[in-house]
Amino acid sequence: MQSLWMILACAAFSLMGASIKVSAEQGALLAQIVLFRALPSVILLLAWARLTGRSPKPISWRLHIWRNVAGITSMWLGFYALSHLPLSTAVSLNYTSPLFIAGWMLWGAGQRDYVRLLAVLLGFVGVLGVLRPSIGEEHFIAGLAGLCGGALGAIAMMQVRQIGRAGESEWRTVLIFSLAGTLSGLCAVLAQGWVSLSWEAWLGLAGVGLSGMVGQLAMTRAFGAGSALLTAALQYLTIIFAAGWGSLFWGDMPDAVAWAGMALVISSGLLSTWRTYTQSKAKSKNPKIKPARS
């Protein structure tokens with residue numbers, strides 16, 4: 001059943017990406033898109049917390065602040081990339097976070113870990129394949145933004161792990177992230193001014209908020225319902241769904257090199273995820289095990 005929840009999350013997140021493109025093409029500001037992505041989750045979670053008598057006060061504000069600095073910046077950069085790049089390209093760049101995590105673990109820990117090294121190399125070649133049509137063109141900045149968003153997303157993911165180890169509940173983590181996103185979008189809207197929107201833009205913004213909320217809830221349920229390894233592997237279906245939406249609505253059919261690049265990004269992410277899972281499992285069975293040093 002957990003697999004079905006993750007597949008639903010992947011479909012919802014890919015639809016969110018498509019809705020972001022629609023909203024941007026219909027004249028919505030990036031600030032408005034960010035605001036409508038976060039606000040529905042805030043309303044829903046606060047209402048749920050009140051009905052169930054739960055407190056929204058976190059265990060540690062400090063941990064959440066660092067998580068949200070990285071996470072919100074990553075979201076802005078990722079949304080910018082989604083607004084300017086083919087859908088499959090932007091989503092692929094967003095899913096490079098495990099590649100950056102593997103690279104930082106190799107660099108920081110000094111591990112002689114050939115599996116992670118292979119994952120980083122595969123991912124680097126894959127990113128080149130995905131970005132190839134954008135290099136040297138007007139989309140270069142958007143491609144760079146998407147890649148930086150993936151790197152900052154990796155930092156946010158590592159912060160989420162620390163928050164979880166501190167005993168924080170998942171719903172509070174999502175709530176505080178959504179609050180931060182809402183505040184950042186609101187501040188940007190106040191600075192830029194509100195732009196009048198067509199009904200098509202409003203429809204796109206509604207799709208951003210609804211699909212983003214469904215995707216977040218389904219993903220949280222999937223990770224809490226079974227094997228973390230299987231769930232993490234299934235998340236890459238988002239790239240496949242995004243390629244389908246892009247081909248259907250924008251005629252953005254990836255060529256052979258782009259498909260190969262996406263396959264390498266997915267492979268590197270799966271390899272890195274598997275390596276992290278197996279090492280964590282081995283460490284939990286034998287806490288005395290230490291990573292090899294070069």
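Trp245 is partly exposed, with 25% relative accessible area, and it makes a good place to start a tour of this predicted model. Trp245 shares helix 11 with Phe249, four residues away, which is about one turn of the helix. Stepping back, the chain has 12 helices and zero strands. Of its 294 residues, 45% count as buried. The points below begin with the aromatic rings, then move to the helices and a few of their residues.

**Aromatic rings**

- The rings of Trp245 and Phe249 form a stacked pair, with 5.7 Å from centre to centre and 20 degrees between the planes.
- Phe249 counts as exposed, at 54% relative accessibility, while its partner Trp245 is partly exposed at 25%.
- The count of aromatic pairs comes to seven.
- Another of these pairs joins Tyr95 and Tyr236, and this one is tilted: the centres are 5.7 Å apart and the planes make an angle of 55 degrees.
- Tyr95 sits in the loop between helix 4 (87-94) and helix 5 (97-109), and Tyr236 in the loop between helix 10 (228-234) and helix 11 (237-250), so their pairing ties together parts that are 141 residues apart in sequence.
- Tyr95 is buried at 14% relative accessibility, and Tyr236 is buried too, with a relative accessible area of 2%.
- Phe36, Trp194 and Trp202 come together as one aromatic cluster.
- Lys21 lies over the face of Trp250, 5.7 Å from the ring centre.

**The chain as a whole**

- Read from the N terminus, the elements run α-α-α-α-α-α-α-α-α-α-α-α.
- Among contacts in the chain with a separation of 6 or more, 89% are between residues 24 or more positions apart.
- The chain exposes about 14,700 Å², and carbon and sulfur atoms supply 70% of that area.

**Helix 7**

- Helix 7 covers residues 140-165, which is 26 residues.
- From its first C-alpha to its last, helix 7 reaches 38 Å, close to the 38 Å expected at 1.5 Å a residue.
- Many names on the list of buried residues in helix 7 are Gly or Ala, including Gly143, Gly146, Gly149, Ala151 and Ala154.
- Gln159 and Ile163 are also among the buried residues of helix 7.
- Gly167 follows helix 7 and has a positive phi, near 95 degrees.

**Helix 8 and its salt bridge**

- Helix 8 has 23 residues and reaches 33 Å from first C-alpha to last, close to the 33 Å expected at 1.5 Å a residue.
- Just after helix 8 comes Gly193, with a positive phi of about 95 degrees.
- Side chains of opposite charge can pair when their charged atoms come close.
- The structure holds one salt bridge.
- That salt bridge is formed by the side chains of Arg172 and Glu168, at 3.1 Å from N to O.
- Both Arg172 and Glu168 are buried.
- Thr173 lies in helix 8 and is buried, with a relative accessible area of 9%.
- Leaving out residues up to four places away in sequence, Thr173 touches His64, Arg67, Ile163 and Glu168.
- Two names in that list appear above: Ile163 is one of the buried residues of helix 7, and Glu168 is a partner in the salt bridge.

**Where helix 2 meets helix 8**

- Thr182 has its place in helix 8, which spans residues 170-192.
- Thr182 counts as buried, at 12% relative accessibility.
- Apart from residues up to four places away in sequence, Thr182 touches Leu35, Ala38, Leu39 and Val42.
- Val34 is found in helix 2 (residues 30-52) and counts as buried at 0% relative accessibility.
- Val34 and Thr182 are 148 residues apart in sequence, yet their C-alpha atoms are 7.1 Å apart in space.
- With neighbours within four places in sequence set aside, Val34 is in contact with Met75, Trp76, Phe79, Gly181, Ser184 and Gly185.

Methods. Residues are numbered from 1 along each chain as its sequence is written. This is a predicted model: local features need pLDDT of at least 70, side-chain atom pairs count only at pLDDT 80 or more; totals for chains, interfaces and linings use all residues. Side-chain values use heavy atoms; hydrogens and water are left out. The expected span of a helix is 1.5 Å times one less than its number of residues. Buried means under 20% relative accessible area, exposed over 50%, partly exposed in between (1.4 Å probe, protein chains only). Contact means heavy atoms within 4.5 Å. Accessible areas come from the Shrake-Rupley method with a 1.4 Å probe; for residues, only the protein chains shown count as cover. Rings of Phe, Tyr and Trp (its six-membered ring) pair if their centres lie within 6.5 Å; planes under 30 degrees apart count as stacked, over 60 as edge-to-face and the rest as tilted. A charge sits over a ring if NZ of Lys or CZ of Arg is within 6 Å of the ring centre and within 35 degrees of the ring normal. A salt bridge is a side-chain nitrogen of Lys or Arg within 4 Å of a carboxyl oxygen of Asp or Glu.
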